[in-house]
Amino acid sequence: MPSVVKINVLTVPAEQREVLEKRFASRAHAVENSDGFEWFELLRPVEGTDTYLVYTRWRDEESFQAWMEGPMKAAHQGGEGAERPRPAASGSTLWSFEVVQQAGPKQA
């Protein structure tokens, strides 16, 4: 069964970029211990767009869904009665893919 890739496409105004990156840094390890998690990257736009890409790769769809319903939901809700900070992104779209081919560097 091929791995699945989830790319969260975030529209982030220039004045919110630092806020977004600090929030991801502060919970950098929140996903790493999740069953089925394989890879994470936060991709900052270089030019011509205000779109960040949050790339995660999972063993299967079930692993991603379990993370969404558990640790991810808890991280975004905050503690009981906690005031939630305003989202840094003004828009979000989730893209889903299956890995059909992959390659790494050849070993010397």
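This is a short guided tour of the structure above, one selection at a time.

**Before you start**

The model is predicted, so local features need pLDDT of at least 70 and side-chain atom pairs count only at pLDDT 80 or more, while totals for chains, interfaces and linings use all residues. Residues are numbered from 1 along each chain as its sequence is written, and side-chain values use heavy atoms, with hydrogens and water left out.

**Stop 1: the whole protein**

Show everything as a cartoon. You should find two helices and four strands; these are DSSP runs, with at least four residues for a helix (H or I) and at least two for a strand (E), numbered from the N terminus. Following the chain, the pattern reads β-α-β-β-α-β.

Now switch on the surface. About 7,900 Å² is exposed, and carbon and sulfur atoms supply 53% of that area. Accessible areas here come from the Shrake-Rupley method with a 1.4 Å probe, and for residues only the protein chains shown count as cover.

**Stop 2: the sheet**

Select the four strands. They form an open sheet in the order E2-E3-E1-E4, with antiparallel pairing. Which strands stand at the edges? They are E2 and E4 (91-98), and each has a single partner strand, so one side of each is left without a neighbour in the sheet. On average, neighbouring strands are turned by 15° against each other, direction ignored. Such angles run from 0 to 180 degrees between N-to-C directions, using axes fitted as lines to C-alpha atoms, for helices over the stretch in contact.

Next, go through the pairs. Two strands pair if DSSP finds at least two bridges between them.

- E1 (residues 4-11) and E3 (residues 51-58) are antiparallel, with eight bridges; look for Asn8 opposite Val54.
- E1 also pairs with E4 in the antiparallel sense, over eight bridges; here Lys6 has Ser96 as its bridge partner.
- E2 (residues 37-43) and E3 run antiparallel and are joined by six bridges; Glu41 stands opposite Tyr55.

**Stop 3: Ile7 in strand E1**

Select Ile7, which has its place in E1. Is Ile7 buried or exposed? Ile7 counts as buried because its relative accessibility is 13%; buried means under 20% relative accessible area, exposed over 50%, and partly exposed in between (1.4 Å probe, protein chains only).

Now display what surrounds Ile7. Not counting residues up to four places away in sequence, Ile7 touches Leu53, Val54, Tyr55, Thr93, Leu94, Trp95 and Phe97, where contact means heavy atoms within 4.5 Å. Try a distance from Ile7 to Thr93: the two are 86 residues apart along the chain, yet their C-alpha atoms are separated by 8.2 Å. Across the protein, residues 24 or more positions apart account for 73% of the contacts with a separation of 6 or more.

**Stop 4: helix H1 and its charged side chains**

Move to helix H1 (residues 17-26). H1 lies across E1, E2 and E3, and runs at about 20° to E3.

Show the side chains of Lys22 and Glu18. They meet in a salt bridge of 3.0 Å, N to O; the term means a side-chain nitrogen of Lys or Arg within 4 Å of a carboxyl oxygen of Asp or Glu. Being four residues apart in H1, the two are separated by about one helical turn. Lys22 is exposed, at 54%, and Glu18 is exposed, at 54%.

Then select Glu21 and Arg44. Their salt bridge has its closest N and O atoms 2.7 Å apart. Glu21 lies in H1 and Arg44 in the loop between E2 and E3, so the pair ties together parts that are 23 residues apart in sequence.

**Stop 5: more salt bridges**

How many salt bridges does the whole structure have? A search finds six. One of them joins Arg57 and Glu38, at 2.9 Å, N to O. This pair links distant parts of the chain, with Arg57 in strand E3 and Glu38 in strand E2, 19 residues apart. Finally, pick out Asp35, Arg59 and Asp60, which are linked in a network of salt bridges.

**Stop 6: Ser63 in helix H2**

End at Ser63, found in helix H2 (residues 61-77). Ser63 counts as buried, at 5% relative accessibility. Its side chain joins that of Arg59 through a polar contact of 3.2 Å. A polar contact is a pair of N or O atoms within 3.5 Å; within protein, one must be able to donate a hydrogen and the other to accept it, and residues adjacent in sequence count only if both atoms are side-chain atoms. Leaving aside neighbours within four places in sequence, Ser63 is in contact with Asp35, Gly36 and Trp58.
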